[in-house]
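Please open the model in your viewer and keep the sequence panel beside it, since each stop on this tour begins with a selection.

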Amino acid sequence: PHSVPSVSPQVGSYRDISHESLSLFWLLEPQIEILVLGTGDRVERLHPAVLKQMRACGIAVEVQDT
């Protein structure tokens, strides 16, 4: 089994999550299959374009409160 390090790009809030802030995840080997994002005290919706880009790269996104 492979150990996968925790990677945490620094963004101020869920509103700052963009194609650019997530680009690191496309470079990882082996490629990740799921990305779990914590959005603070409550679950927030990410921009649909961001979710679409992640799906296009084969990465599922799970948004949770933290």
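Begin by selecting strand S1 (34-38) together with strand S2 (residues 60-64), and you will find that the two run parallel and are joined by five bridges. In this predicted model, follow the chain onward from S1 and you will see that it passes through H2 before it arrives at S2, in a β-α-β crossover that is right-handed. For a detail of the pairing, pick out Gly38, which stands opposite Gln64 in S2.

Next, select Val43, which lies in the loop that links S1 to helix H2 (48-56). Is Val43 buried or exposed? With a relative accessible area of 49%, Val43 counts as partly exposed, because the range for that class ends at 50%. Now display the neighbours of Val43: leaving aside residues up to four places away in sequence, Val43 touches Val63, Gln64 and Asp65. If you draw a distance between the C-alpha atoms of Val43 and Asp65, the viewer should give 4.7 Å, although the two residues are 22 residues apart along the chain.

Finally, select the whole protein chain, which has two helices and two strands, arranged from the N terminus on in the order α-β-α-β. Colouring by burial would pick out 20% of the 66 residues as buried, and a surface display would cover about 5100 Å² of accessible area, 52% of which belongs to carbon and sulfur atoms. If you then list contacts between residues at least 6 apart in sequence, 67% of them join residues at least 24 apart.

Conventions:
Residues are numbered from 1 along each chain as its sequence is written. This is a predicted model: local features need pLDDT of at least 70, side-chain atom pairs count only at pLDDT 80 or more; totals for chains, interfaces and linings use all residues. Side-chain values use heavy atoms; hydrogens and water are left out. Helices (H or I, at least four residues) and strands (E, at least two) are DSSP runs, numbered from the N terminus. Buried means under 20% relative accessible area, exposed over 50%, partly exposed in between (1.4 Å probe, protein chains only). Contact means heavy atoms within 4.5 Å. Accessible areas come from the Shrake-Rupley method with a 1.4 Å probe; for residues, only the protein chains shown count as cover. Two strands pair if DSSP finds at least two bridges between them. A crossover is right-handed if, with the strands pointing away from the viewer, the path from the first strand over the helix to the second runs clockwise.
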